[in-house]
Amino acid sequence: MRRVLLVMTAVFVISLFAAGAFAEDFKLSIPLPLTGKQAKFGEMMKRSYEMAAEEINAKGGIKKKKIVLYFEDSGAKPETARAIVEKLIDVNKQPVIVGEYTSACAKAVAAVAEERKTPYLIVASADDDITRQHYKYVFRQNAVNAHYGDGVVDFLRRVVKPKTIAILYESSAFGTSGAEAMVKDAEKLGTRVLMKERYEAGSVDFRPLLSKVKAARPDVVYMVSYVMDASLLMKQIKELRVDAKLFAGGAAGFAIPEFIANAKDAAEYVISATLWTPQVKFPGAREFAEKYKKHYGDYPSYHGASAYSALYVLKNALDRAKTWTPDKIRDALKATNMKTVFGPIKFEDREGYQNQNFMDTLVIQVQKGAFETIWPAQYASKKYIYPIPSWRERR
Amino acid sequence: MTSAQLEVLLQTLIAGVLLGGLYALIGIGMTLIMGVMKIINLAHGELMMVAMYIAYLLFSLFHLDPYLSVFIAAPLLFLLGMAIQKFLINPVLKVESILPENQVILTVGLGMVLANLATIIFTSDYLSTPVDYATKAWYLSDFWRSSPIELSLSYPWSVSFLIAVVITLCLGFFLTKTDLGKSIRATAQDSEAALLMGVNVDRMRVITFGLGSGLVGAAGCLLIPIYYLYPDLGGQFTLIAFVITILGGLGSTVGAIIGGVVLGVFESLTATYIGMGWAPVGRFVIFVAALIFLPGGIASLLQRKRFGR
């Protein structure tokens, strides 16, 4: 009886090994927020990772290995994200980490990854500091905060050439840093900052502030606002007939579909910075956006595109890595130079950043109630409309 | 003063008065409850949030104009307020407790429950009722072609303001001319004397809480076309109502109206001439100043005048 058992165990163990040699899966656990305030973005990224994994597997996987994705919910809490990643590296022996969303979480994960000498690919966290700490193992494919407005600034320099600007921003870390960046950019453009006014997010009435803007007559009104303040601002600008050569938003509240839905015709001609749009002319971007929309009923934002591309970047690196040890994967990632749905990706060391991908940020404009990509010209889906009509001329 | 400066000043005052009218309607409900029950209802903003969700649902399901939903949301809130007083606050009033103001703490809890219920049902997404007339306005230059300055008057804000005025007038009539209103005022002035005069004080309390809730419900319907909606919006407006109640003189409705307008104008002036980031600071400067220099609020000024003291 005992011998039979022994033989059976041996056969079982051998068959396990044999099976393993033929179809070993590449298991990848991704930390991201699936509950809490950021869950919406986590969900979008999860779907995009899954779409990419499906496509890669359909084409034979990575070095004939099937990618199997697992998702770990960090709830956008840095301490949870940290614990998840410690487990992934120490227990699961996962040789590479991809994921997370908020900058706070990515910061925590980056510290763990660097300490454990495991490469970490950041997908959508924008805090400048993360890739400025001389980390060797931390890579970032999305643009940093400081470069977020590059597209808009370039558009101002080449097309609008404004002499004066008024900056309105919400009194949060996000709003303040956005306004500071614009003040610096205005200096470079030779544009005089007429006013730089802070407001409390969630305010009901912007009219006093806006009548002041109206009296100052700036060429450009630049606003850094979140979701609903953005549409409220534009609605009241329309109502007060505050005329400027251009109304520009610093991403966030101005670059999401809710902005047009709420501000309606007041949103027309407003431009905003963004990292990616469904119409952008990167190979595969359109297809990805349409496929995503078909499955989930809505176009993805840059978060989705970046997550989707991240798996391709990883596949590209793993294909080139001789062995899948953290160090070899790190070297392969460092040598990345490829085109993705999210744009060309190359990890460079410059301007004090390490392993940072520098990308062209885009400018979108609301035209006939829809976002159109207008700048840089090579990515444009429609030509920009400038100069814009004054409020009185609009019906 | 140049015409541009004059334009800014006048536009600021217009904005302040319109905002103040809305503030007054938000504050008056709290003042009423404060007067009769001697408690601050800290779930006031959350009750408004509930009314706004009702207006939102009516708009998105039946395309009912938010202004018309006043007639549905306000009565519903009236019933909700009565139920809260009858089944939650009245039982607590009767219990001996270590804390003297345990009903106030109850309203805090109630506010939290309402906000979290809204989060569960509607998620924390921002919602709004995008009406067609949202950005419509009247312009001075349309009426007076050669006007040196340009002023605008927002259509939805003016409508909200007018409805707020009408509601306030109706309330004033109700409180001064009807039996029920007089009983409520009697309860507010001296509940024991009112009891001795044969007023059913418990019932007056239930009706007052309903009335206060209904008023803030109406304010919610007037606010949603010009603002937006999310579950945690209550706290911000509870705070505003609280400042108005203190400023107006605890329990005085006339005081609350004047207080609301004063606060609206003051906030707008702060926003224009000091900076919009300072508007919340201005609010609390008024609050503290009222507590120190005018402890009885605007009501005490009115009274002083009336008695010629």
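## Strand pairing at one edge of the sheet in chain A

In this predicted model, A:Val366 stands opposite A:Phe371, a residue of β15(A). The strand β14(A), residues 362-367, is joined to β15(A) by five bridges, and the two strands run antiparallel.

Both strands belong to an open sheet of seven strands in chain A, whose order is β7-β6-β8-β9-β10-β14-β15 and whose pairing is mixed. The edges of this sheet are formed by β7(A), residues 192-199, and β15(A), residues 370-375, each of which pairs on one side only. On average, and with direction ignored, neighbouring strands of the sheet are turned by 25° against each other. Helix α6(A), which spans residues 173-189, lies across β6(A), β7(A) and β8(A), and runs at about 165° to β6(A).

## Backbone features of chain A

Two cis peptide bonds can be described in the segment after β15 of chain A. One of them joins A:Trp375 and A:Pro376, with omega at about -10°, and A:Pro376 has its place in that segment after β15(A). Another joins A:Tyr386 and A:Pro387, where omega is about 0°, and A:Pro387 likewise lies in the segment after β15(A).

Elsewhere in the chain, A:Lys64 is a residue other than glycine with a positive phi, near 65°. A:Lys64 is found in the loop that runs between α2(A), residues 39-58, and β2(A), residues 66-73.

## Overall form and confidence of chain A

The secondary structure of chain A amounts to twelve helices and 15 strands. With a radius of gyration of 24 Å, close to the 21 Å that the globule rule gives for 395 residues, chain A is as compact as a globular protein of that length. Taken along the principal axes, the C-alpha atoms of chain A fill a box of roughly 95 × 40 × 35 Å.

The mean pLDDT of chain A is 88, and 94% of the residues score at least 70. Among the elements of this chain, strand β4(A), residues 120-122, has the highest mean pLDDT, at 96, whereas helix α1(A), residues 2-22, has the lowest, at 55. Over residues 18-22 of chain A the pLDDT stays under 50, and for this stretch the model has zero contacts beyond four places in sequence.

## The contact between chains A and B

The contact takes 27 residues from chain A and 28 residues from chain B. On the side of chain B that touches chain A, at least two residues each are supplied by α1(B) (3-37), β2(B) (152-154), α11(B) (253-273) and α12(B) (279-293). Of these, α1(B) gives the most, with seven residues. By class, this side of chain B has 14 nonpolar, twelve polar and two charged residues.

## A helix pair within chain B

Within chain B, helix α3(B), residues 70-94, packs with helix α4(B), residues 102-122, at an angle of about 140°, and their axes are 9 Å apart. The crossing of α3(B) and α4(B) is right-handed. From α3(B), the contact is made by B:Ile84, B:Leu88, B:Ile89, B:Val92 and B:Leu93, while α4(B) brings B:Asn102, B:Gln103, B:Leu106 and B:Leu110. Sorted by class, the residues in the contact of α3(B) with α4(B) are seven nonpolar and two polar, with no charged residues.

Methods
Residues numbered from 1 in each chain as written. Chains lettered and ligands numbered in written order. Predicted model: local features only at pLDDT ≥ 70, side-chain atom pairs only at ≥ 80, totals over all residues. Axes fitted to C-alpha atoms, helices over the stretch in contact; angles between N-to-C directions. Helix = DSSP H or I, 4+ residues; strand = E, 2+ residues; numbered from the N terminus. Left-handed = near helix turned anticlockwise from the far one by under 90°. Contact = placed C-beta atoms within 7 Å. Nonpolar A, V, L, I, M, F, W, Y, C, P; charged D, E, K, R; others polar. pLDDT = per-residue confidence, 0-100. Pairing = 2+ DSSP bridges. Rg over C-alpha atoms; globule rule 2.2 N^0.38 Å.
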